[in-house]
Amino acid sequence: MEKKLSEMSLEELWKLFPIYLTEHQPYWKEWYTDEESFLKNRVPKIERISHIGSTAINSI
């Protein structure tokens with residue numbers, strides 16, 4: 001039986017959801033726009049999608 005996310009240690013979570021720090025890439029904005037359109041077309045009742053972090057702000 002697999003553990004629930006809430007039962008996992010930080011080390012286990014980091015293995016499942018690794019974080020990679022990289023320099024900003026200009027194409028990330030286009031990727032976000034594509035994903036936003038994809039989601040809005042499939043889940044029409046979405047009222048708001050927030051784009052946060054370094055993919056949204058190229059100076060951080």
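Reader: How much accessible surface does the protein have, and what share belongs to carbon and sulfur atoms?
Author: Happy to start there: this is a predicted model, where local features need pLDDT of at least 70, side-chain atom pairs count only at pLDDT 80 or more, and totals for chains, interfaces and linings use all residues. Residues are numbered from 1 along each chain as its sequence is written, and side-chain values use heavy atoms, with hydrogens and water left out. Areas come from the Shrake-Rupley method with a 1.4 Å probe, and for residues only the protein chains shown count as cover. The accessible surface is about 6100 Å², and the carbon and sulfur share is 57%.

Reader: Is the protein a compact globule or more spread out?
Author: Its secondary structure comes to two helices and zero strands (DSSP runs, H or I of at least four residues for helices, E of at least two for strands). The globule rule, 2.2 Å times the number of residues to the power 0.38, is set against a radius of gyration taken over C-alpha atoms. That radius is 16 Å, well over the 10 Å given by the rule for 60 residues, so the protein is more spread out than a compact globule.

Reader: Is Ile52 buried or exposed?
Author: Good one to check in the viewer: Ile52 sits in the segment after α2 (27-42). Buried means under 20% relative accessible area, exposed over 50%, and partly exposed in between (1.4 Å probe, protein chains only). Because its relative accessibility is 69%, Ile52 counts as exposed.

Reader: Which helix holds Leu16?
Author: Leu16 is partly exposed, at 47% relative accessible area. The helix that holds Leu16 spans residues 10-16 and is α1.
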